[in-house]
Amino acid sequence: MKTRPSEAGTAAPASPATHRLLSSRLVVTGILAAGMALLTVVLALTGVDYWSTRASMLQDSRVEAAIVADNISAAVVFRDTSTANEMLGALRSSSMVISATVYDKDGVLFAHYARDRDPDFPTTLRATGLDGAAERAGWHMLEIARPIEASGTTWGTLYIRKSMAALYMRLGIRFGTALLIAICVMAMATAMVLRSRAAVRDAENRLHELAHTDAVTGMGNRHAFNEKLAAELQGARGAGYRVALVYIDLDNFKTVNDTFGHAAGDGLLRQVAKRLQSVVRSTDTISRLGGDEFALILRLDMDDAALEKYAQRIVSVFQAAYTEVGQQVNVTCSAGIATFPDDAMDMDALVSNADTAMYRAKEMGKNRCVRFDASMNLAVVRRQAIEQALRAELEQGTGLALHYQPVFAANDQSMVGAEALLRWTHAELGSVSPLEAVSVAEDCGLIAPLGYWVMRTACRDAAQWKGGKSLRVAVNISARQLGDPQFLERVMDILREEGLPAHLLEIELTETVLMENMEAGAHTLHRLSQLGIHLAIDDFGTGYSSLAYLRQLPMRRLKIDRSFVKDLPGQEHSRAIVTAIVALAHSLGLQVTAEGVETQEQADYLVRQGCDVLQGYVFARPMPAPQFLALQASASA
Ligand SMILES: Nc1nc2c(ncn2[C@@H]2O[C@H](COP(=O)(O)O[C@H]3[C@@H](O)[C@H](n4cnc5c(=O)[nH]c(N)nc54)O[C@@H]3COP(=O)(O)O)[C@@H](O)[C@H]2O)c(=O)[nH]1
């Protein structure tokens, strides 16, 4: 089985929009936090600035007051008011001074200077509330008093009032400048963050797109499919609608890829995508899951009959031939449908059931769409049981057997060989058909031991067929067997060990086996033929084949599929096909065997058409080895 798409997990992941909202919020929060931090720093610096400026202003004022008090003492001693007023007026140059006053030793106003009018200045020393060397620093004003002394005697008091406005002005300017710088820095930082965020978002979007887009078809890929399906099922649970999942697998894409190359294969996949897009509704989602697998997610607003028709439309869109590879090629599809919540309650089960239905479509002959039903899971269980039983059987080798169906020359009805057919009856599973056993063996890697068991048993039995005429034994080979690099060597070993001459072994390969092993297979087939082994194309007419390729292979026989024989001689279509196949085979130098001959009428018709060998129930059914040995002995007697 192929990889299930839901392996990535079933929870609906956050959408890109949610991611964007979240990261935008983070960015805004980050910018705000940085702004707050910057503002706090500016405020703290302003506080420090305030206290240090205030302290130095106080210090300067003390020095200033001491100098003025010293200089003015003589004027106060000699009660020279006009000189005292003049000296106080010199404080005009100190911009912060509001007023300066000198009180005499009795605390009475002696001299006064005011920058502008200072109506509130205290007219007596007592009214200042200060005496001696004292100072008072308030929020608005700084007051400082200094005694005026001469010859050790205090002659009065100098009282200066200074405004704090200049300090606040300076602080304001500094704070404003710092704030402006902080705002500019923040604005620049924000612009840079937003710019880089935009770049990151673009890159994220691009990455998201790349991670969710299939490079070949431009459709959503497996990731996109997983997310879409999870979201759709979540929506369906909430709103109560149904969802259908259609799993599509191309039937013979590998052959096209191998025949025409990968570029042509990619072109074909793009064409498939276009065709699918042309048939689905705008609300449906198509994804390419990888290789030749596609999936459709449909929100179900139709009944089962309409869904059936819709599925048929999807399958029929593949019917027209593709021309992308330079010539007309037919590629059909097998599809499986499972619906939520009818067939499955969660994503894993839905995917698994659609996959199972698709495999059923393949088993039923491909080129069809199959709706899942619960019994299919029983089939999966049965396949697992077959795998286990086959594993045990190949170790013990008790329940496996070969039956032989004789084949007869068309001209004289003499027996010319037999086809070895696998038979397996298991104690619990009952009779397991060779098709089922081979298919399970191919899937679980047991085809090599099973195939070599068949080959060895057939060669051993055929080496016992002694009689007048040498009989050739035909053995069927599956695709995986031919792909085994050891195949040639193993077959030669078996022939040698069982004592069967190479020319008495015929290997039957279907068209599909040949086309699936074109490169490696051709070399092996040429070597087998050079060693004397006969090669036959089985079930001819049912597969997709490139005749140009087939004619290059060293085939000796072509077996007309029994589906063309069963309607003979009545049906014109079958007659035309058989006539064409016989003519084609003979023109390529191949012998023709008609298989599935059930009536004498069919046998007569096939002889008239020129078939060389006949095989079918009308002559003999497949039989156990001892019975065949007896038949052969009586025929040669
Ligand atoms: N890779 C391997 N494939 C094998 C092996 N053994 C068998 N097979 C393939 O399985 C398919 C089914 O085989 P089986 O059920 O054995 O059927 C064969 C005949 O019984 C049947 N047949 C023969 N004559 C008639 C007839 O007149 N009418 C009729 N309805 N059926 C008839 O045909 C089958 C043989 O077909 P073919 O091989 O195409 O000649 C089948 O495809 C086998 O190839 C195995 O060991 N390995």
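## Packing of α12 and α14

A crossing of two helices is right-handed if the near helix is turned clockwise from the far one by less than a right angle, and left-handed if anticlockwise. In this predicted model, the crossing of α12 and α14 is right-handed. Helix α12 spans residues 447–462 and helix α14 residues 487–498; their axes lie 9 Å apart and make an angle of about 30°. Angles under 35 degrees count as roughly parallel, so α12 is roughly parallel to α14.

On the α12 side, the contact is made by Y452, M455, R456, C459 and R460. On the α14 side, F487, R490, V491, I494, L495, E497 and E498 take part. Seven of the residues in this contact are nonpolar and five are charged, with no polar residue among them.

## The antiparallel sheet

Five strands make up an open sheet with antiparallel pairing, in the order β2-β1-β5-β4-β3. The edge positions belong to β2 (109–114) and β3 (134–137); each has a single partner strand, so one side of each is left without a neighbour in the sheet. From one strand to the next, the twist averages 15°.

Within this sheet, strand β1 (residues 97–104) and strand β5 (residues 153–163) run antiparallel and are joined by seven bridges. Y103 stands opposite T157 of β5. Helix α2 packs on the sheet and touches β1, β2 and β5. The direction of α2 makes about 30° with that of β2.

## The mixed sheet

A further open sheet has five strands in the order β7-β8-β6-β9-β10, and its pairing is mixed. Strands of a sheet pair through backbone hydrogen bonds, either parallel or antiparallel. The edge strands here are β7 (285–290) and β10 (368–371), each of which pairs on one side only. Neighbouring strands are turned against each other by 20° on average, direction ignored.

β7 pairs with strand β8 (residues 293–300) in the antiparallel sense, over five bridges. T285 has I297 in β8 as its bridge partner. Helix α7 (residues 262–279) lies across β6 (242–250), β7 and β8. Relative to β6, α7 runs at about 150°. Angles over 145 degrees count as roughly antiparallel, so α7 is roughly antiparallel to β6.

## Backbone geometry

Two cis peptide bonds precede prolines. The bond from F340 to P341 is cis, with omega near 5°, and P341 is in the loop between β9 (333–340) and α9 (347–363). The bond from L568 to P569 is also cis, with omega near -5°; P569 sits in the loop between α18 (562–565) and α19 (572–587).

Positive phi values occur at R79 and D539. R79 is not a glycine, yet has a phi of about 50°; this residue is in the loop between α1 (16–77) and α2 (81–89). For D539, likewise a residue other than glycine, phi is near 50°. D539 is placed in strand β16 (residues 534–540).

## Confidence

The average pLDDT of the protein is 87, and 94% of the residues score at least 70. Over residues 1–13 the pLDDT is below 50. That stretch nevertheless has 32 contacts in the model beyond near neighbours in sequence. Where pLDDT is low, the predicted coordinates should not be read in detail. For the complex, the predictor gives an ipTM of 0.95 and a pTM of 0.57.

Key: Residues numbered from 1 in each chain as written. Predicted model: local features only at pLDDT ≥ 70, side-chain atom pairs only at ≥ 80, totals over all residues. Heavy atoms only, no water. Axes fitted to C-alpha atoms, helices over the stretch in contact; angles between N-to-C directions. Helix = DSSP H or I, 4+ residues; strand = E, 2+ residues; numbered from the N terminus. Parallel < 35°, antiparallel > 145°, perpendicular 65-115°, else oblique. Contact = heavy atoms within 4.5 Å. Nonpolar A, V, L, I, M, F, W, Y, C, P; charged D, E, K, R; others polar. Pairing = 2+ DSSP bridges. pLDDT = per-residue confidence, 0-100.
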